[in-house]
Amino acid sequence: KAHNYARIHSEDRKRDERRPNAMRLRVLLLVLVVVGIILSLVLLAFAVVAVRRHHNGGDHNSNKNTNKNGFKVLIYRGPVGSEAYFRGIPESTAKLFEKSSNYTIEFVGPNETRDINDATLNITEVAMLVFPGGGDLNQAWKIISKYSDSVRNYVKRGGKYVGICLGAYLAGSKPGFQLLPLGSDTDQYITSTGATITDERAGVVQINWSHGAPSKESNGGKGRWLFFQDGPIFKLDPKTYFSANVLGTYSSNGKIAALTLGYGSGRIGLIGPHPEADESWYSRKKDPKNPEGVRSDIGQDFIEAMITGN
């Protein structure tokens, strides 16, 4: 009996020793499950934020927005014949692109870290090259003509050229980078029949926008208003006209105000008025007033058309 009692007591003691070990194991498993759930929730939160930032075109409060693939938008900032007067236009253009895309913005030019050349216009790095407005075409061409071959080669290889006002004139051939097909060119809106602005002073012009932003039809039958100063119209030969994506026309005479068009393996996007104009462009007493206030939706839509190719 004493032997049996000792055996039973020994087995009870072993079971009692195993119970804390089993309890610790269950607690450890529970902790691991809880940690796993927390990590999953954190990863899900990061994924939601990333999707929202991608949908909204990146962090709009950042001076530079970095695309996950590292692509850049290069904006020309440099002499255009009247540099002092037009200082600030490249910066306004950069702000518009920051609102409209998640590419890294970099200024290029003779006074910047990098100038425009074949090495800078690397097709694997540069998503778009932008020439903003400001300056007289003939004066600017004396300074900018040295970039012609590099610009054309970049677009031919699959790059995208964006021209706003002066930058749009530069896509033509008299003078210009010759990015428009033979038989097509730019011309002055102020000299066209039916123009509502007939001199080179700043004003606002009405356009019928037919792309994604609110158009004439969805704006109570009224055209949209944009800042304007001697911007171009685009005269296209019939073949080019049917292959172009016309984004907007001048309300007064139906002349083309904005378009995108293929060139080689790349694409060009041109607009006559200034969709990048912000509050500072309307702040002085002598500045024009925009009947619909300061809005950036047409500019953002123009850039989206260049990004998507639609």
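A cavity, as the word is used here, is a set of grid points where a 1.4 Å probe fits but cannot get out. A search of the whole structure, which is a predicted model, finds one cavity of 30 Å³ or more. The volume of the largest cavity is about 80 Å³. Its lining draws on 15 residues. Lying nearest the centre are Trp225, Leu226, Asn290, Gly293 and Arg295. Two elements give two or more residues to this lining: strand S7 (224–228) and helix H7 (297–308). S7 supplies the largest share, with four residues.

Start from Asn290, one of the residues nearest the cavity centre. Asn290 sits in the loop between S11 and H7. Is Asn290 buried or exposed? Asn290 has a relative accessible area of 13%, so it counts as buried. Setting aside neighbours within four places in sequence, Asn290 is in contact with Val204, Trp225, Leu226 and Tyr282. Trp225 and Leu226 are also among the residues nearest the centre of the cavity. Asn290 also has a distant partner in sequence, Val205. The two are 85 residues apart along the chain, yet their C-alpha atoms are 9.0 Å apart in space.

Now take Arg295, another residue nearest the cavity centre. Arg295 is partly exposed, because its relative accessibility is 36%. Arg295 has two acidic partners. Glu292 meets Arg295 in a salt bridge at 3.7 Å, N to O. Asp297 forms another salt bridge with Arg295, and here the closest N and O atoms are 3.3 Å apart. The count for the structure comes to 15 salt bridges.

Some of these bridges join up. Lys72, Glu106, Arg114 and Glu125 are linked in a network of salt bridges. Within that network, the side chains of Glu106 and Arg114 meet at 3.0 Å, N to O. How exposed are these two residues? Glu106 has a relative accessible area of 13%, so Glu106 is buried. Arg114 has a relative accessible area of 22%, so Arg114 is partly exposed. The cut-off for buried is under 20%, which means that the two residues fall on opposite sides of it.

Next, look at helix H4 (residues 148–156). Its buried residues are Ser148, Ser150, Val151, Arg152, Tyr154 and Val155. What do they pack against? One helix is on the list, H3 (137–144). The strands are S3 (126–131), S4 (160–164), S10 (256–263) and S11 (266–271). Just after H4 comes Gly158, with a positive phi of about 125 degrees.

Two of those partners, S3 and H3, lead to another glycine. Gly133 is found in the loop between S3 and H3. Gly133 is buried, because its relative accessibility is 8%. Not counting residues up to four places away in sequence, Gly133 touches Ile89, Ile164, Cys165, Leu166 and His274. Gly133 and Glu276 are 143 residues apart in sequence. In space, their C-alpha atoms are 9.7 Å apart.

Turn now to the surface. Met23, Val27, Val31, Val35 and Leu39 make a nonpolar patch of about 430 Å². Val35 lies in helix H1 (residues 2–55). An α-helix has 3.6 residues a turn, so residues three or four places apart point the same way. Val35 has a relative accessible area of 40%, so Val35 is partly exposed. Patch residues need over 30% relative accessible area, so Val35 clears that cut-off.

Finally, step back to the whole chain. The protein chain has seven helices and 11 strands. Of its 310 residues, 45% are buried. The chain exposes about 16,600 Å², and carbon and sulfur atoms supply 55% of that area. How far along the sequence do the contacts reach? Among contacts between residues at least 6 apart in sequence, 71% join residues at least 24 apart.

Terms used
Residues are numbered from 1 along each chain as its sequence is written. This is a predicted model: local features need pLDDT of at least 70, side-chain atom pairs count only at pLDDT 80 or more; totals for chains, interfaces and linings use all residues. Side-chain values use heavy atoms; hydrogens and water are left out. Patches are made of residues with over 30% relative accessible area and no salt bridge: like charges are joined within 9 Å, nonpolar side chains (Val, Leu, Ile, Met, Phe, Trp, Tyr) within 5 Å. Accessible areas come from the Shrake-Rupley method with a 1.4 Å probe; for residues, only the protein chains shown count as cover. A salt bridge is a side-chain nitrogen of Lys or Arg within 4 Å of a carboxyl oxygen of Asp or Glu. Buried means under 20% relative accessible area, exposed over 50%, partly exposed in between (1.4 Å probe, protein chains only). Contact means heavy atoms within 4.5 Å. On a 1 Å grid over the protein atoms alone, a cavity is a set of points where a 1.4 Å probe fits but cannot get out, and a pocket is an open set with protein on both sides within 12 Å along at least five of seven lines; lining residues have an atom within 4 Å of a point. Grid points are joined across faces, edges and corners, and a volume is the space filled by probe spheres set on the points.
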